[in-house]
Each structure stands twice: as structure tokens, then as C-alpha cells.
Amino acid sequence: MRVTVAGAGMAGLVAAARLRELGHEPRVLEKGTRAGGSMLLSSCVIWRHLEWDEFRRECPAGDETLQRLIWERLDDALAWLGSLGAEPVWRDTENPLTTGRRYEPQALTALLARDAAVELGTPLPEDPEPPLLLTTGGFPVRLARERGLLLRANPWSEGDGLDFARARGGSLAGDLGEFYGRAMPAPPARIREEDFVPLSQLYGKEARVFTEDWAEITPPYVAWHENDLAQLIGPRAWYVVERTNERIEAARAAGGEVVEREDGSLAVRVAAAVTHTLGGIEVDADARVTGVEGVWAAGVDAGGIASGGYASGLAQALVLGLAAAESIASS
């Protein structure tokens with residue numbers, strides 16, 4: 001069976017590899033100039049919460065059925081990656097709340113894309129033949145532009161999959177304004193794609209937080225992942241800390257604004273950067289798009305899983321990519 005896969009990020013490449021294992025012929029279309037999507041720009045940690053109750057507490061508004069699917073299936077999905085020859089850099093996350101693997105993103109992309117024959121520079125057609133799998137990476141580019149935020153993702157994820165499904169009556173899930181992101185040095189800092197990980201300003205739990213005009217907005221609690229701070233600070237804010245660290249020095253070296261205050265503390269000008277969206281297309285546990293026949297969605301094109309908190313987008317991509325491929329193959 002010929003299957004169209006729209007998007008060559010983690011979910012699309014995983015689904016294509018699994019479809020080939022099951023004897024089918026995926027056609028992988030990628031509108032950008034390379035495979036790998038935003039996975040290629042990440043730290044490439046694929047993880048789940050160690051405890052199910054912690055996942056539910058962390059993402060209380062998320063779809064419980066899909067959360068359970070990812071939580072229960074991730075370990076086997078990581079073993080499947082291993083069966084392809086994927087070698088982790090770390091065999092655990094070094095976080096007592098989570099478990100998973102870290103991979104070298106270029107190596108994992110090359111492995112998954114090895115037999116994919118990805119058609120670069122090829123956007124999603126207007127009327128493709130089913131079955132169709134949407135894995136276009138959500139809509140972080142659009143959301144960042146609309147909100148005046150920085151982009152911490154590939155430059156092609158405009159929401160093509162979301163628009164395709166919605167135009168055909170597909171249902172949506174989650175809050176379309178919610179995203180996973182990081183505080184980054186605000187302009188005029190120079191941030192290249194290779195800087196997305198090292199320039200992340202991950203010390204917000206130790207900082208006082210102020211708006212650009214110096215109204216304090218420090219929250220009473222900051223989550224370990226600091227995604228809540230990314231939602232809070234918007235296009236511009238200040239982190240004030242007692243002492244410098246390597247992240248601040250990296251921001252300074254990139255041309256970011258770091259100011260020594262009269263009391264000896266440091267103020268770092270930061271901005272929220274969108275990595276991927278959390279709202280998106282509603283799917284079932286087989287990754288079928290609700291309300292559209294012959295169409296599946298995986299990765300962060302699928303919405304409403306990490307609503308209200310933070311969970312691994314790469315785990316979502318891996319598990320739903322496999323689930324979609326197996327559902328398509330059996331349909």
C-alpha cells in the first residue's frame with residue numbers, strides 16, 4: 001500500500017520506518033530543505049514521567065487515553081529504536097521524575113531517514129490520496145509570529161497539517177495558544193539554530209522575574225522544567241539573579257543584555273521562544289484524525305496531550321508515529 005507521510009521530523013520518519021517494516025510503501029514529503037524537523041535542533045531526550053500519577057498531575061488537562069498510550073508504550077518504542085541500531089548517548093535522563101534516553105540528534109535523524117527517500121522541498125498536496133499521515137510539526141512558526149515571541153524550532157512548521165485537517169472537518173484538541181518553550185536571551189542577542197539548547201536560560205527557579213517595565217511577576221512556584229516561566233514572560237522580561245552562571249555568560253557572549261545592578265545582582269533580558277505547540281488535531285489512540293476519513297496525525301500535529309503542563313514532544317512523536325503506522329497498515 002502506498003502511504004503519504006507529510007513531514008520528515010521524528011514522527012514522520014518513525015512512521016515511515018515502521019510502515020516499511022510492515023511491507024508498505026511510504027512516500028515522505030518534506031517542505032523544508034532537510035529531514036529531521038525540530039528533533040534535529042533539540043537535545044534529543046525522549047522521556048516519560050516515571051510515575052503515571054505524576055504525568056497526570058503535571059498535565060491535568062491532557063487527554064488521559066493518549067497520555068496512557070504514550071506512558072505505557074514508550075519503553076517498547078525505545079527498544080524498537082534500538083532494534084534499528086539507535087545508540088543512546090545517555091541511558092537515562094538524570095532526572096528523578098523521568099525516565100528515557102538521550103540520543104545524538106544528527107545520528108538519530110540519519111538513521112531514521114536512511115531508507116526514507118525523503119522528497120525535500122515538497123509541501124503537503126491539496127488533495128492527496130489516502131491514507132495520509134500528518135506529521136508537519138504543529139504550528140510554532142505561526143504562533144511565535146502572532147504572539148511576537150522568538151522561534152526555537154525549524155522554520156517550516158507553519159500549521160499545514162492543522163489547516164488541512166480543519167478544512168476537512170477535523171476536530172481540534174487542547175488550547176491552541178499553549179506551547180512548550182524556553183526563556184532565551186532577548187534581542188539583540190544572536191541566536192542560531194545550533195544555539196537553541198546552550199542558550200536556553202534555564203535558571204528561572206533561582207531568579208526574580210520582572211516585566212520589561214520592572215513590575216515584579218515572580219511566581220510562587222516554578223516547575224522543574226520551567227515551561228511555566230516561558231508561558232509567563234512573553235516577548236520581553238527580566239531575570240534577576242545574585243550571581244552569574246554559564247548560561248548567562250553564553251547569553252552575554254551572544255550579544256544579549258546583561259546588566260549589573262546597584263545591589264550587585266545581575267539582570268538578564270529574556271524572551272519566550274516557542275519550540276512546539278500543545279494544541280492541535282484531535283486523534284484517537286490509533287492516531288486517526290477525528291472526523292476525517294483516511295487521515296492520521298502524529299507528533300505535535302496531534303493536540304491536547306500535554307495540556308496544562310509539559311511532557312516530551314519526542315516521546316509523543318515516537319509513540320504516535322508507531323501507532324499511526326500500525327493502524328494504517330491494518331486498515
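**Close-up views of a predicted model**

**Figure 1. The surroundings of His 24, in the loop between α1 and β2.**
With a relative accessibility of 16%, His 24 counts as buried, because residues under 20% relative accessible area are placed in that class. The view, like those that follow, is drawn from a predicted model. The side chain of His 24 reaches the backbone nitrogen of Met 1, at a distance of 3.4 Å. When residues up to four places away in sequence are not counted, His 24 touches Met 1, Leu 19 and Ala 329.

**Figure 2. An open sheet of 5 strands with parallel pairing.**
Read across the sheet, the strands come in the order β5-β2-β1-β6-β15. The edges are formed by β5 (119-120) and β15 (295-297), each of which pairs on one side only. As general background, the strands of a sheet pair through backbone hydrogen bonds, and they do so in either a parallel or an antiparallel manner. Within this sheet, β1 (residues 2-6) and β2 (residues 25-30) are paired in the parallel sense over 5 bridges, and Ala 6 stands opposite Leu 29 of β2. Which strands does helix α1 lie across? Helix α1 lies across β1, β2 and β6 (132-134), and it runs at about 165° to β2. Helix α9 (residues 313-330) also packs on the sheet, where it touches β1, β6 and β15, and its direction makes about 165° with that of β15.

**Figure 3. Salt bridges involving Arg 18 and Glu 21 of helix α1.**
The side chains of Glu 21 and Arg 18 meet in a salt bridge, with 2.8 Å from N to O. Both residues belong to helix α1 (residues 10-21), in which they are 3 residues apart, or about one turn of the helix. Glu 21 has a relative accessible area of 40% and is therefore partly exposed, since this class lies between the limits of 20% and 50%. The pair is also part of a network of salt bridges, in which Arg 18, Glu 21, Arg 73 and Glu 326 are linked.

**Figure 4. Two further salt bridges, out of the 21 that the structure holds.**
One of these joins Glu 87 to Arg 91, with the closest N and O atoms 3.5 Å apart, and both Glu 87 and Arg 91 are exposed. The other is made by the side chains of Arg 269 and Glu 212, where the distance from N to O is 1.8 Å. This second pair links distant parts of the chain, because Arg 269 lies in strand β13 (residues 266-277) whereas Glu 212 lies in the loop between β10 (208-211) and α7 (227-233), 57 residues apart. Glu 212 counts as partly exposed, at 36% relative accessibility.

**Figure 5. Cys 44 and Cys 59, in a structure with 0 disulfides.**
How far from Cys 44 is the nearest cysteine sulfur? The nearest one is that of Cys 59, 20 Å away, and Cys 44 is in no disulfide. With a relative accessibility of 1%, Cys 44 counts as buried. Cys 59 is likewise in no disulfide, its nearest cysteine sulfur being that of Cys 44. The relative accessibility of Cys 59 is 0%, so this residue counts as buried.

**Figure 6. Strand β3, covered on both faces.**
Why is β3 (residues 45-49) described as largely enclosed by the rest of the structure? The description applies because 5 of the 5 residues of this strand are buried. On one side of β3 are Val 45, Trp 47 and His 49, and on the other are Ile 46 and Arg 48. Strand β3 runs antiparallel to β4 (residues 98-102), to which 5 bridges join it. In this pairing, Trp 47 stands opposite Gly 100 of β4.

**Figure 7. Helix α5 (residues 140-147) and the elements that cover its buried residues.**
Pro 140, Val 141, Arg 142, Leu 143 and Ala 144 are buried residues of α5. The elements covering them include β7 (150-151), α6 (160-167), β9 (179-185) and β13. Just after the helix comes Gly 148, which takes a positive phi of about 70°.

**Figure 8. The start of helix α8 (residues 246-253) and the glycine that follows it.**
At the start of α8, a side-chain oxygen of Asn 245 reaches to within 2.9 Å of the backbone nitrogen of Arg 247. Following α8 is Gly 255, which has a positive phi, near 95°.

Methods
Residues are numbered from 1 along each chain as its sequence is written. This is a predicted model: local features need pLDDT of at least 70, side-chain atom pairs count only at pLDDT 80 or more; totals for chains, interfaces and linings use all residues. Side-chain values use heavy atoms; hydrogens and water are left out. A salt bridge is a side-chain nitrogen of Lys or Arg within 4 Å of a carboxyl oxygen of Asp or Glu. Helices (H or I, at least four residues) and strands (E, at least two) are DSSP runs, numbered from the N terminus. Buried means under 20% relative accessible area, exposed over 50%, partly exposed in between (1.4 Å probe, protein chains only). A disulfide is a pair of cysteine sulfur atoms within 2.5 Å. Two strands pair if DSSP finds at least two bridges between them. Contact means heavy atoms within 4.5 Å. Axes are lines fitted to C-alpha atoms, for helices over the stretch in contact, and angles run from 0 to 180 degrees between N-to-C directions. A polar contact is a pair of N or O atoms within 3.5 Å; within protein, one must be able to donate a hydrogen and the other to accept it, and residues adjacent in sequence count only if both atoms are side-chain atoms.
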